[in-house]
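Here are a few short exercises to work through with the model open beside you. Try each task yourself before reading its solution.

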Amino acid sequence: MRLVERERELAELAELLAGCAAGRAGAATVGGGIGCGKTELLAAARAQAAEAGFLVLSATGSWAERGSQCGVLNQLLRSAGLEPLDLPGPDELNRCVDDLAEAAERSPVLVCVDDVEFTDSLSLHWLVRLLPRLRDTRIALLLAECTLAHPSHPQLHAELLRRPGYRRITLERLTPAGVTALLAEQLGEAAAAALGERCHTVSGGNPLLVRALLEDQRPAAAPSAPGGPELAVGEAYGDTVLSCLHRGRPVLPRIAQALAVLDEDEDGGDLLARLVEETPDTVARAEHALRVAGLLDGRRLGHPVARRAVLAGLTTAERAGLHRRAAGLLYQEGAEVTRIARHLLGAAPEPGLQDPGGPQPPAWAVAVLREAAERHLAGNRAKEARTCLDEALRICRDDGVRVTLRALLASAAWVLNPSISATHLGELAVALREGRLPDHHALMLAKYLLWHGRYDEAVDAIERLSGPQDGAAAGGGPELRAARELLSATYPGLVAADRRPGAGTDPRVRGAAALSYVLAHGPDAGAVAEAESAMRAMRLGKSTQESLMCTVAALAFADRLEAAASWCDHWLEEAQARHVPLWEAEFASLRAGIALRQGDPARARRLAESALARVPAESWGVCIGGPLANLVQAATDTGDYDSAAGYLDVPVPDGMYASRFGLYFLHARGRYQLATGRPYAALDDFTACGELMRTWGFDQPTLVPWRSEAARAHLALGDSRRAHQLARQEVELAGRGASRARGAALRVLALSGRPAERAALLTEAVQILQACGDRLQTAGALADLGRAHAEAGRLTRARSVLASAGRLAEAVGAKPLARSLRADAHPAGADGPAPARASPAFAALSDAERRVAVLAARGLTNREISEKLTVTVSTVEQHLTRVFRKLGVRARKELLPGAPGDPPERSEQRSGSTGVQEKEW
């Protein structure tokens, strides 16, 4: 392998040799960091000298042999085929110089000594004696040494500087271009161009490390990743790092090990020197050597593989000892507690390997670990906090302190995975009852107990909170008020809302109160303004995350879907940047619910699935109703009934139905039951929803439109009167404003009421739903409107509106709705006859009944229909019975179309876009 970026240095050595051959003796030293190519450069010079007829004497110094007197000199003699000397005196050393001068008369001589800094004292003395003879002989002296902060042999350097023509050659590390050129020889131009910059960063431009990285690339010679090849940093690199360290003084590996243990950029002053018990000057020289060799990045080893390789040279006890000493030194210096805690953790025994007779942690360790954990929690670093608290609990012997540590540990574990914190709740609940848990931890405990459905214990904790609320002693008053608002909105049957006047100025209280108001009174412009104002005053953190969830939910329930989606996307990105799994999962689930309200079931499903990927279903506690409801509803809306059934099979805790999330689950399950032909089961779910909402004082259709859904179930059962009653109640509750709840209620009111009023009600529903941004509900309302036009004989208008509905249904992935619309548009005779959809009664059929009627009219048997629609034969029979009754027919053949003519209408050519901007619906 050729020498890269060494042309100038090779030229200088060639001049040295040429001058020596011409009778102008000279000397040169080659300096550079460990592994920077000094040995290779000397080898090139020796080869050139031998080819030119020089007598070449070569030797290499060694730290291990620096005490062996005359070791380097004897290597030189042996390389020339001469007898070594046995502890020569001054006369013999002089004679040896004379003999070399005589040999130079016959042919020029090159004396090469590599790693001259490790030369023994006698050999060094001989080199110093040789230097004056260089003037009148054909002898060239070439020495190589590692660059240090100070010269290793000042006398030798002083004599060299006095010699005319002395050359000082310094080898720099390779540039990025040089590294790329070196890679190109083995990997080719394309791979070298892709890997060059990264290889230069990892190697520091050290040629020896570059060659090690080249070796590491060979096992990785696999198809490139889409973004290009990745640099493999493996065993060869790690071994070469160790080789570089062991080429120098023994202090070098020890300092590298200490640096690997410290692993920080802070300038520790004499911390490193005290840690390795060396003088500051020795440490400074060693660090300089490591830096010149490209092994350090700041005060850290340049790559994690290098750090692992260096630490592998320590036993477990040695590594723990370094960490223990580092922690003690940092504590004495008053360093940041998180720095000290990291070394306390490094000194801890591995789980299961505790040695009772081993070194005991210092008395201050628990306090430091606790404070470090609190700092980590404040910085949203829950994983680091949990590690500190685990170790603090392991070594703490004070029962009072242990309770507080366990409370903090539950809080840290909570944001990582709520299931982890559950193991601590029982002991904390007992401690609270016995008065051993500080009151400010009772709030946290109440939240966690409620999440896990441990309501009896949660009520005890909540009652403990009731005292401080009325007094000024509650330093956490705003936090307590915000928590009560949040808990009363989530667990309304267990926690009473705080109805005292004045939410105060704390944004957490204002945000939670806005949600409570919308749930109790419906959409309200004032509550929306309060929610957005509160949200702008908060940043995502441990004490604000739940309040931010409240404010976003308040916007969603108030039909400010664009604002809710924008804010939720913002907080979800923040949670992802903080790497807090629970926050990511909760915001993703909340965003999925907003997507459903926007009529985007495909996106809702992706978000809900990502929520369960971040926090598994078994860790959601009673709140599992949120993501599961989103998944069931999204799958139902898109016609994936098998997946919806699978989601419904996920076990849920009984306590879920005592939370607001139980409402979502009942609503989604009812929608699934209705879509799959089980109207009685659907009605049970919707009715249960209504009973809970009335009991809790949350009977607002903006939360769950249970009356509209129950009305649809009654329509499927043929009870139009009861359906009309429920739909009218829903319209009245929704109010006169343009809300999703009003739009959905108008749809059912139209389908259950008089045909003459149907088109007007549905036109209003379409306008409202389109304005609210719910594309799926808009498509459904357009479908209902198109059928109403067909029922009234306005077939041209019906075709236009139904086409718009079909395109919109296809766009949002609502396959069941799209299928029913395609069936409506099916021309008679294509695959068999279609039912008499021009009949006024046809519009009163549910979607499920209409699908069955279409297939029956085409001649399919009940079993064939059941297989095609994935329902039971019994369900098909029930649907047909209701179809016959509603259409007033007795047999399948009477389902054939009456096909009245398309009466002449006003000229009304409609646009085919899915923007549904038609104003003559």
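Where is Asp 115 found? Asp 115 sits in the loop between E3 and H5. Before going on, note that this is a predicted model, where local features need pLDDT of at least 70, side-chain atom pairs count only at pLDDT 80 or more, and totals for chains, interfaces and linings use all residues. Residues are numbered from 1 along each chain as its sequence is written, and side-chain values use heavy atoms, with hydrogens and water left out. The labels come from DSSP runs numbered from the N terminus: helices (H or I, at least four residues) and strands (E, at least two).

**Exercise 1. Look at the backbone of Asp 115 and His 579.**

Step one: most residues other than glycine have a negative phi. Step two: phi of Asp 115 is near 50°, a positive value. Step three: phi of His 579 is positive too, near 60°, and His 579 belongs to the loop between H27 and helix H28 (581-597).

**Exercise 2. Work out the strand order of the open sheet.**

Step one: the sheet has 5 strands in the order E2-E3-E4-E1-E5, with parallel pairing; two strands pair if DSSP finds at least two bridges between them. Step two: find the edges, which are strand E2 (55-60) and strand E5 (167-171), each pairing on one side only. Step three: zoom in on E2 and strand E3 (residues 109-114), which pair over 6 bridges. One of the links to find there joins Ser 58 to its bridge partner in E3, Cys 112. Step four: add helix H3 (residues 71-79), which lies across E2 and E3 and runs at about 145° to E2. Such angles run from 0 to 180 degrees between N-to-C directions, and axes are lines fitted to C-alpha atoms, for helices over the stretch in contact.

**Exercise 3. Find what Trp 63 pairs with, and say why the pair ties distant parts together.**

Step one: Trp 63 forms an aromatic pair with Phe 118, 6.0 Å centre to centre and 80° between the planes. Step two: check the rule: rings of Phe, Tyr and Trp (its six-membered ring) pair if their centres lie within 6.5 Å, with planes under 30 degrees apart stacked, over 60 edge-to-face and the rest tilted. This pair is edge-to-face. Step three: Trp 63 is in the loop between E2 and H3 and Phe 118 in the loop between E3 and helix H5 (121-130), so the pair ties together parts 55 residues apart in sequence.

**Exercise 4. Describe how H25 packs on H27, then try H41 with H43.**

Step one: helix H25 (residues 525-536) and helix H27 (residues 561-578) pack at about 20°, with axes 12 Å apart. Step two: H25 and H27 are therefore roughly parallel; angles under 35 degrees count as roughly parallel, over 145 as roughly antiparallel, 65 to 115 as roughly perpendicular and the rest as oblique. Step three: list who touches whom, contact meaning heavy atoms within 4.5 Å. Glu 532, Met 535 and Arg 536 of H25 meet Ala 563, Trp 567 and Trp 571 of H27.

Step four: for the second pair, the axes of helix H41 (residues 847-857) and helix H43 (residues 873-887) come within 9 Å and cross at roughly 90°. H41 and H43 are therefore roughly perpendicular to each other. Among the residues that meet are Val 852 in H41 and Leu 880 in H43.
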